[in-house]
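User: Please take a close look at a single part of this structure, and then explain how that part sits within the rest of the chain.

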Amino acid sequence: LIPVIGGVVLASLGELDFAWAALVTAGIANVFAAIKANENKKLMDTAGLKDRIGGVGNQFALTMINSFLFCLVLMAVTEGHKFGAFVKLAAANKVVLMNLIFSGLWFYAYNELATFTIKKTNAVTQSVANTAKRVIVIVGVAIVMGESLDPLKLVGCGIGIGGVFLYSVIDDIVAKFKK
């Protein structure tokens, strides 16, 4: 995971004009996403769980409901006074409303897929894939927006992708040396 994170950091070094608070909160979000993945994997391995809640999809739905309720309280405390203005904006501007709905649906679908992926793999694989996604987003955004990929960004992306590749083949490499 360290080479992948290092590659993302290196690829992002040229973009130092971003909000540091966003970087810190994104890091905190990643930590909690890893904790969620780890706890979901433990829960999936619990005997009799499928009989009680009906499977991974329902487990994910329950996790999302709990997360929503926690965030609802947090939102009410920190941003509750702005909720009326937000409702007016969403009602007046259909683009805002559609973006809200579709971003929520995409977020739900992406995270449900991630939960199903954890069932088939493990939490570390999910973390590596999530970090690799950032490298792919950096390259994709640069291509779509017509930005140049300077050498530092390319090297960082290469290290990140190489780290993901190394992670995917490391077990086979270690097994060859043990024989």
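Analyst:
**A close look at Leu-152**

Leu-152 lies in helix H8, which covers residues 151-178. The model is a predicted one. Is Leu-152 buried or partly exposed? Its relative accessibility is 37%. Buried means under 20% and exposed means over 50%, so Leu-152 counts as partly exposed.

How far apart in space are Leu-152 and Gly-7? The two are 145 residues apart in sequence, yet their C-alpha atoms are 9.8 Å apart. Contacts across long stretches of sequence also appear in the chain totals: among contacts between residues at least 6 apart in sequence, 73% join residues at least 24 apart.

The wider setting is helical. The protein chain has 8 helices and 0 strands, and its elements run α-α-α-α-α-α-α-α from the N terminus on. Of its 179 residues, 20% count as buried. The chain exposes about 12500 Å², with carbon and sulfur atoms supplying 73% of that area.

Next comes the core. The largest nonpolar core has 5 residues: Val-8, Ala-11, Val-135, Ile-138 and Cys-157. Helix H1 (2-12) and helix H7 (123-144) each contribute at least two residues to this core. In soluble globular proteins, nonpolar side chains tend to be buried together. Within the core, Val-135 touches Val-8 and Cys-157, and it also touches Gly-160 and Ile-161; residues up to four places away in sequence are not counted here.

Thr-63 offers a second residue to set beside Leu-152. Thr-63 is found in helix H4, residues 56-79. Its relative accessibility is 16%, and therefore Thr-63 counts as buried. Leaving aside residues up to four places away in sequence, Thr-63 touches Lys-36 and Asn-40.

Helix H6 allows a check on length. It runs over residues 94-120 and has 27 residues, so at 1.5 Å a residue it should span 39 Å. The C-alpha atoms at its ends are 39 Å apart, which agrees with that expected span. At the N-terminal end of H6, Asn-93 acts as a cap, with a side-chain oxygen 3.0 Å from the backbone nitrogen of Val-95. Which residues of H6 are buried? They are Asn-111, Ala-114, Thr-115 and Ile-118.

To return to the starting point, Leu-152 is a partly exposed residue of helix H8, and its C-alpha atom lies 9.8 Å from that of Gly-7.

Methods: Residues are numbered from 1 along each chain as its sequence is written. This is a predicted model: local features need pLDDT of at least 70, side-chain atom pairs count only at pLDDT 80 or more; totals for chains, interfaces and linings use all residues. Side-chain values use heavy atoms; hydrogens and water are left out. A nonpolar core is a set of buried Ala, Val, Leu, Ile, Met, Phe, Trp, Tyr and Cys residues joined through side-chain atoms within 4.5 Å. Buried means under 20% relative accessible area, exposed over 50%, partly exposed in between (1.4 Å probe, protein chains only). Helices (H or I, at least four residues) and strands (E, at least two) are DSSP runs, numbered from the N terminus. Contact means heavy atoms within 4.5 Å. The expected span of a helix is 1.5 Å times one less than its number of residues. A polar contact is a pair of N or O atoms within 3.5 Å; within protein, one must be able to donate a hydrogen and the other to accept it, and residues adjacent in sequence count only if both atoms are side-chain atoms. Accessible areas come from the Shrake-Rupley method with a 1.4 Å probe; for residues, only the protein chains shown count as cover.
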